[in-house]
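Colleague: Please pick one stretch of this model and take me through it closely. Then show me how the surrounding helices and cores are put together.

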Amino acid sequence: MSDLKRGLSEAVGTAFAAAGLPAELGRVTPSDRPDLADFQCNGALPAAKRARRNPREVAAEVVAGLAGDTRLAGVEIAGPGFINLKLSDAALSQRAREIAADPRLGAEPVAAPRRVLVDYGGPNVAKPMHVGHLRASIIGESIKRIYRFRGDTVVGDAHFGDWGYQMGLLIGAVTDEKPAVKQAVDALNAGEAVEAEALATFEREVSLADLDRLYPEAAARGKSEPDYRDRARRLTAELQARKAGHFALWGHFAKVTQVALERDFHALGVDFDLWKGESDVDELIAPMVEELDAKGLLVDDQGARIIRVTRQGDKRELPPLLVVSSEGSAMYGTTDLATIVDRNATFGPDQVLYVVDQRQADHFEIVFRAAQIAGYAAEGQLEHVGFGTMNGTDGKPFKTREGGVLKLNDMIVMTRDKARERLHEAGLGAELDPEAFEETAHKVAVAALKFADLQNFRGTSYVFDLDRFSSFEGKTGPYLLYQAVRVKSILRRAADEGVEAGEITISEPAERDLVLLLDAFDQALADAYDKKAPNFLAEHAYKLAQTFSKFYAACPIMTAEPTVRASRLALAQTTLRQLEQALDLLGIEAPDRM
RNA sequence: GCGCCCAUAGCUCAACCGGAUAGAGCAUCCGCCUUCUAAGCGGACGGUUGCAGGUUCGAGUCCUGCUGGGCGCGCCA
């Protein structure tokens, strides 16, 4: 079962072929001029160019070949040679029934399903998530869902940053500040302490708030004080060598961080299949380095061991991949490379998508090249799906009014407060019990946050204005939910009155538009999939909601005469199903009432 | 310095291999709740797509140069 666009493209392609022209020129797209047509084909123009003929003449030949297609209510040649196609109500009605009967709501699965791993979220141990993680989390989550829906076998991996220099910095900073912790760490390292007692000390002395406070200080000192930096590097190497005290303290860092991370991800409806971290591939690093060495790929340079990745034809010299630092510790790129080895062994992905900030493009280019050189990855198997930064109204990376980094949780709480306020204002939810009310407020907040982000193309940076969220009007997540809720309300009423949905028959313009939108789902999904860009799906969901709203205003459902009522009810129900499906793929859930 | 990305309405963003009259939302103004939820619907206003060239029947889209902004460039992740 194919959508109208594809079906028409085939027909027009056949007509092109019959006129002795390439069939692929028959590609049909939704009309740029909805006042004139439903679909259009521009193929006569390039065809005429190649054949040095008059485009309108070519178009006329193609149009002649379309005679007798009962789906078409009108075919016209316009402008320089555009072929305008208008569908019959019967064809639209037929397509609407197909979509209504389709569990996939008109969306085709991919022809050749693949195994895809999506690496996203990028939380770090010892650092609460801030607004920057919002994009990584929700774009990645949406891409994962879209890929899965189209039939791929998909695994999402959080890939914790839990094993680098930052850990050495923190071990140093925490032991400096807290003598009891230092004592416990030293004792463990000397093999003189009971682990349970040490852990209890850590539990008592070190909270996530401590880590959050100490890390920026330590990072700053590490930059300005070489001695401090060298000590942190040493501590990092010692941790990676599994020194008991360091390792136990690190384990505590991970534990206290996990609680906050799980809360934030859960609130956003983001869930990972794998919660692996850099530390999980630690054991793979030594054998990997050995192997790389055996293959003669490692070069000693300034005390470190590197892989050079520059190629002929590069416009500039790319830095090498640092495999082993001069202190002997694994680097960012080392764990990434080992992670590729690990994933090959445990999952065997046809493709790995790294949903990570665009600023890391060079890093991934280096890692991917190194992986290819080492034979760990094929060309194109690894892909960096970069996204822009979320800026404040000043155009710079988003900061709170006090100038600090806004924590993700604070942002969720703030948005939820607004949602609650708005529900009260509108006098809605009075009939809901407090728990259901809270759930609705939360769904509205999450929809606002996610849709505000996902409606933008991921690659560009965008401005996030908290104040703009307070309205929840216009092109926002809550608008989409509102349309879904209106349908649900009608469906409840229909159920109460014993009215059932029936066969869809299209006649009104608003009904035609709605079916054309329903039909466009597959293309939106395909675009989002191919470009790893959920904004195409977000745009579709918005247009669908908007078109429904117009239909809602123009075509009364419950008061229409029975056959029309049954048809419109089925149309509304199908719209709701597709809208909720699209929202789900964006990671957004609609409440029953709002 | 080298490299990558971006520049579209007052603001925030779209625009399907290069196609017709560049679309939405917000803001402003005007209408519409005795009919299914007004977080809604209709209408008006708003553009030399940063600038200058080029390719093309046709350019926001491709090429060159310039201006302005963001980002990256070896032991952080």
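Modeller: A helix here is a DSSP run of H or I, at least four residues long, and the numbering starts at the N terminus. Keep in mind that this is a predicted model.

Start with Q240. This residue belongs to helix α10, which covers residues 226-240. Its relative accessible area is 13%. Buried means under 20%, so Q240 counts as buried. What does Q240 touch, once neighbours within four places in sequence are set aside? Its contacts are W163, G164, D282, S329 and A330.

Now move to the loop between α10 and α11, where R242 sits. The phi of R242 is near 65°. That is a positive value, in a residue other than glycine. R242 has a relative accessibility of 34%, so it counts as partly exposed.

Helix α11 runs through residues 244-268, and it packs with helix α6, residues 165-177. The two axes are 11 Å apart, at an angle of about 100°. That angle makes α6 roughly perpendicular to α11. On the α6 side, the contact uses M167, L170, I171, V174 and T175. On the α11 side, it uses H246, L249, W250 and F253. By class, seven of these residues are nonpolar, two are polar and none is charged.

A second helix pair lies further along the chain. Helix α18 (residues 477-496) packs with helix α21 (residues 535-554), with axes 9 Å apart and an angle of about 45°. α18 is therefore oblique to α21. The crossing of α18 past α21 is left-handed. α18 contributes Y479, L480, Q483, R486, V487 and I490. From α21 come A541, Y542, A545, Q546, F548, S549 and Y552. The class count for α18 with α21 is nine nonpolar, three polar and one charged.

Another positive phi turns up in the loop between α20 (521-530) and α21, at K532. The value is near 50°, again in a residue other than glycine. Is K532 buried or exposed? Its relative accessibility is 9%, so K532 counts as buried.

Next, the cores. In soluble globular proteins, nonpolar side chains tend to be buried together. The largest nonpolar core in this model holds 123 residues. Within this core, L85, L87, F521 and L537 touch the most other members. α22 supplies the largest share, 10 residues. Look at L85 in detail, leaving out residues up to four places away in sequence. L85 touches L8, V12, V28, A37, D38, F39, L66, L72, G74 and V75. There is also a second, separate core, with 33 residues. V281, V367, F368 and L382 are among its members.

Finish at α22, which spans residues 562-586 and includes P562. P562 has a relative accessible area of 52%, so it counts as exposed. How far apart are the C-alpha atoms of P562 and G191? They are separated by 83 Å, and the two residues lie 371 residues apart along the chain.

To return to the starting point: Q240 is buried in the model, and R242, in the loop between α10 and α11, is partly exposed.

Definitions and conventions: Residues are numbered from 1 along each chain as its sequence is written. Chains are lettered from A and ligands numbered from 1 in the order in which they are written. This is a predicted model: local features need pLDDT of at least 70, side-chain atom pairs count only at pLDDT 80 or more; totals for chains, interfaces and linings use all residues. Side-chain values use heavy atoms; hydrogens and water are left out. Helices (H or I, at least four residues) and strands (E, at least two) are DSSP runs, numbered from the N terminus. Buried means under 20% relative accessible area, exposed over 50%, partly exposed in between (1.4 Å probe, protein chains only). Contact means heavy atoms within 4.5 Å. Axes are lines fitted to C-alpha atoms, for helices over the stretch in contact, and angles run from 0 to 180 degrees between N-to-C directions. Angles under 35 degrees count as roughly parallel, over 145 as roughly antiparallel, 65 to 115 as roughly perpendicular and the rest as oblique. A crossing is left-handed if the near helix is turned anticlockwise from the far one by less than a right angle, and right-handed if clockwise. Ala, Val, Leu, Ile, Met, Phe, Trp, Tyr, Cys and Pro count as nonpolar, Asp, Glu, Lys and Arg as charged, and the others, Gly among them, as polar. A nonpolar core is a set of buried Ala, Val, Leu, Ile, Met, Phe, Trp, Tyr and Cys residues joined through side-chain atoms within 4.5 Å.
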